[in-house]
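Work through the exercises below with the model open. Try each task before reading its solution.

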Amino acid sequence: MANDTISREAKKNQLRRQIISSEELKKNKDYQRRRKQQRFQNWMAVLGAVLIVAAVILGIYLFETFRTYKTFRVEWEKDVIGAESSQFVRLGNGTVQLGADGATYFSDGGETLWSVPYEMRSPQGAVQDAYMIIYDKKGQSLIICDTQGERGRSSTSYAITSADISSQGVAVVLTEEKESSYISYFDSSAGRLEIEIKSPLESQGYPAAISISPDGQQLMVSYLSVSGGAVSSQVVFYDFEEGKDVPNRVVGAFQNYKETDTMVPFVAYMSNQAGVAVGDNMISFYSTEDRTDIQQKNVPITEPIQKVFCDETYLGLVTAKTTEDGATVPMLYLYSAEGVCLLQKELTDQMEHVFLNSGKIVMYEASSCLIQTVKGRMRYDNSFETAITAMLPGGSQREYIVVSDDKIEKVRLQ
């Protein structure tokens with residue numbers, strides 16, 4: 001009997017331990033509710049912080065997108081000699097002055113990093129990223145440089161008419177003699193490569209423009225020829241990798257310019273996959289994604305072309321449009337690499353120089369400057385205190401290199 005009593009008491013104690021009192025259950029529900037409230041408050045705090053950050057970013061974006069700059073401040077300036085007779089080009093994160101007897105490289109911080117002497121009658125420069133070729137137009141000497149200075153120099157057998165360089169430092173040089181033209185290849189140290197294209201002027205025509213792709217493997221050439229008293233063009237593509245097994249390494253030849261009596265004085269690679277040829281009445285956009293099956297898209301141009309400019313993203317034109325009353329107004333056109341017209345805008349003034357810089361179109365002349373976005377929004381419209389001879393990008397989107405007769409300055413829009 002005693003054992004039964006003990007057993008019943010043990011079971012009762014076990015049940016008591018398993019039973020949660022109503023007060024404890026109420027406390028537990030309150031605890032769960034507080035936890036849910038705390039989690040909700042935490043999420044709301046995180047969401048609020050995200051919204052604040054997004055609002056700040058959106059505000060900065062809108063401010064920078066629609067902001068119009070009124071003036072600029074000078075970051076630094078240096079005295080230069082012979083600026084009015086020099087050519088200025090961008091090289092990496094700096095600016096090169098091509099003078100009569102040598103080239104000087106200025107960093108974006110205002111330091112003179114190197115100078116390269118030469119003797120050239122008409123020094124010209126072509127740049128791709130961190131490499132540059134300096135050549136004597138109508139002469140026979142050339143120098144290849146990078147941001148560290150001279151890499152090497154060489155000479156040609158005939159007079160140089162044009163040259164171009166890739167982002168890998170491989171350069172092409174166009175020379176000519178009485179009956180033929182030659183396109184020669186040089187490596188990044190100005191050593192001559194065993195690649196040469198000979199074009200008889202009588203059968204092939206005169207090479208009016210050349211461009212090498214950024215990777216240095218493709219070449220685009222515009223040839224002018226005369227037939228029956230009419231001048232026309234053809235654009236030829238060479239490939240020194242994919243075209244090894246084809247005659248003369250020609251992977252594409254487009255002669256349809258004869259149908260429209262088009263002369264093509266400008267060709268350029270916008271990237272390894274896209275090239276453009278600008279004629280006097282037509283633009284050809286080429287897709288070189290398939291390097292042995294190049295595709296052509298033609299866009300007619302009915303207005304006289306006055307200026308051509310491009311970068312890796314856009315091709316721009318300034319034309320002269322005749323209005324109904326007989327007046328002539330400058331028109332600005334901007335195209336994508338695929339040949340889509342992105343902007344068509346009448347300009348109030350015809351500026352002497354124009355270039356693209358980080359999604360902006362910069363137009364300037366001796367005393368005035370206009371800067372607008374590729375969507376047509378005006379960012380800067382003002383005049384310079386002194387007449388300038390050159391203006392170039394200066395590193396950041398708001399910085400520019402401005403050259404006058406006796407000094408070079410880096411300015412920042414504000």
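How many salt bridges does a search of the whole structure find? The search finds ten. A salt bridge here is a side-chain nitrogen of Lys or Arg within 4 Å of a carboxyl oxygen of Asp or Glu.

The model is predicted: local features need pLDDT of at least 70, side-chain atom pairs count only at pLDDT 80 or more, and totals for chains, interfaces and linings use all residues. Residues are numbered from 1 along each chain as its sequence is written, and side-chain values use heavy atoms, with hydrogens and water left out.

**Exercise 1. Describe the salt bridges of Arg151 and Arg192, with the exposure of each partner.**

Step 1. Take Arg151. Its side chain meets that of Asp146, N to O, at 3.2 Å.

Step 2. Classify both ends. Buried means under 20% relative accessible area, exposed over 50%, and partly exposed in between (1.4 Å probe, protein chains only). Arg151 has 32%, so it is partly exposed. Asp146 has 11%, so it is buried.

Step 3. Take Arg192. Its side chain meets that of Glu196, with N to O at 4.0 Å. Arg192 is partly exposed because its relative accessibility is 42%. Glu196 is also partly exposed, at 49%.

**Exercise 2. Find the residues that line the largest cavity, and trace the charged ones among them.**

Step 1. Define the object. On a 1 Å grid over the protein atoms alone, a cavity is a set of points where a 1.4 Å probe fits but cannot get out; lining residues have an atom within 4 Å of a point. Grid points are joined across faces, edges and corners, and a volume is the space filled by probe spheres set on the points.

Step 2. Count and size. The structure holds one cavity of 30 Å³ or more. The largest cavity contains about 30 Å³ of space.

Step 3. List the lining. It consists of Thr386, Ile388, Val402, Val403, Ser404, Lys407 and Glu409.

Step 4. Assign strands (E in DSSP, runs of at least two residues, numbered from the N terminus). β31 (399-404) and β32 (407-413) each supply at least two lining residues. The largest share, three residues, comes from β31.

Step 5. Follow the charges. Glu409 forms a salt bridge with Lys407, the closest N and O atoms being 3.3 Å apart. Glu409 is buried because its relative accessibility is 12%. Lys407 is partly exposed, at 22%. Glu77 joins Lys407 and Glu409 in a network of salt bridges.

**Exercise 3. Asp311 is buried and has no salt bridge; find what its side chain reaches.**

Step 1. Locate the residue. Asp311 sits in the loop between β22 (305-310) and β23 (314-322).

Step 2. Look for an opposite charge (Lys and Arg count as positive, Asp and Glu as negative; His and the chain ends are not counted). The nearest such side chain, Lys360, is 10 Å away.

Step 3. Check the backbone. The side chain of Asp311 reaches the backbone nitrogen of Thr313 at 2.8 Å. The backbone nitrogen of Tyr314 is likewise reached at 2.8 Å.

Step 4. List the contacts (heavy atoms within 4.5 Å). Beyond residues up to four places away in sequence, Asp311 touches Met270 and Leu356.

**Exercise 4. Place Ile301 and list its contacts.**

Step 1. Ile301 is in the loop between β21 (295-300) and β22.

Step 2. Its relative accessibility is 11%, so Ile301 counts as buried.

Step 3. Leaving aside neighbours within four places in sequence, Ile301 contacts Asn281, Met282, Ile283, Leu317 and Tyr335.

Key. Helices (H or I, at least four residues) and strands (E, at least two) are DSSP runs, numbered from the N terminus. A polar contact is a pair of N or O atoms within 3.5 Å; within protein, one must be able to donate a hydrogen and the other to accept it, and residues adjacent in sequence count only if both atoms are side-chain atoms. On a 1 Å grid over the protein atoms alone, a cavity is a set of points where a 1.4 Å probe fits but cannot get out, and a pocket is an open set with protein on both sides within 12 Å along at least five of seven lines; lining residues have an atom within 4 Å of a point.
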